[in-house]
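I opened this entry to keep track of what I looked up, going from the overall fold to the core and then to the surface.

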Amino acid sequence: IGFHAVGSGAAMAQQAGALLAHFRMVERPVRYGVAGVLRVLEALDYTSSSVGAPFDIARITPAGVDHLDDDEIEQTRADVKRWTEMEQAVLDQLYD
């Protein structure tokens with residue numbers, strides 16, 4: 001559960017966990033976690049010179065490890081885009 005890394009990636013994993021803590025990902029299906037991971041990676045890509053695309057993403061479940069192919073990553077990227085657009089729409093109406 002969460003983000004884990006050893007060595008130079010440890011700080012990025014800690015930042016990723018902090019960025020997503022309020023989304024309650026452990027209470028949601030794995031698909032949400034994959035979208036969350038991509039969203040965090042894209043945020044880190046924007047803010048950190050040591051992180052950048054292309055990204056390799058794997059789902060780890062009791063059934064095993066499944067590496068996402070390029071099409072699955074692009075579908076997840078579309079999901080993240082929809083998520084951020086919906087989030088912005090809610091924020092735009094917050095103080096109306």
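**Fold, core and surface**

I began with the order of elements, and from the N terminus on the protein chain runs α-α-β-β-α, which amounts to three helices and two strands. I kept in mind throughout that this is a predicted model.

For overall dimensions I took the C-alpha atoms along the principal axes, where they fill a box of roughly 45 × 30 × 25 Å. I then looked up burial and found that 22% of the 96 residues of the protein chain count as buried. Among contacts between residues at least 6 apart in sequence, I noted that 43% join residues at least 24 apart.

Next I turned to the interior, where the largest nonpolar core has 16 residues, and Ile57 and Trp83 are those with the most contacts inside it. The elements that give two or more residues to this core are α1 (10–20), α2 (30–47) and α3, and α2 gives the most, with five residues. I listed the neighbours of Ile57, leaving aside residues up to four places away in sequence, and found that Ile57 touches Val34, Val37, Leu38, Leu41, Asp66, His67, Leu68 and Ile73.

Last came the outside, where the accessible surface of the protein chain comes to about 7,200 Å², with 56% of it belonging to carbon and sulfur atoms. I found a nonpolar surface patch of about 390 Å², made by Leu91, Leu94 and Tyr95. Leu94 lies in the segment after α3 (70–93). Is Leu94 exposed or only partly exposed? I entered Leu94 as partly exposed because its relative accessibility is 49%, and exposed would require over 50%.

Methods
Residues are numbered from 1 along each chain as its sequence is written. This is a predicted model: local features need pLDDT of at least 70, side-chain atom pairs count only at pLDDT 80 or more; totals for chains, interfaces and linings use all residues. Side-chain values use heavy atoms; hydrogens and water are left out. Patches are made of residues with over 30% relative accessible area and no salt bridge: like charges are joined within 9 Å, nonpolar side chains (Val, Leu, Ile, Met, Phe, Trp, Tyr) within 5 Å. Accessible areas come from the Shrake-Rupley method with a 1.4 Å probe; for residues, only the protein chains shown count as cover. A salt bridge is a side-chain nitrogen of Lys or Arg within 4 Å of a carboxyl oxygen of Asp or Glu. Helices (H or I, at least four residues) and strands (E, at least two) are DSSP runs, numbered from the N terminus. Buried means under 20% relative accessible area, exposed over 50%, partly exposed in between (1.4 Å probe, protein chains only). A nonpolar core is a set of buried Ala, Val, Leu, Ile, Met, Phe, Trp, Tyr and Cys residues joined through side-chain atoms within 4.5 Å. Contact means heavy atoms within 4.5 Å.
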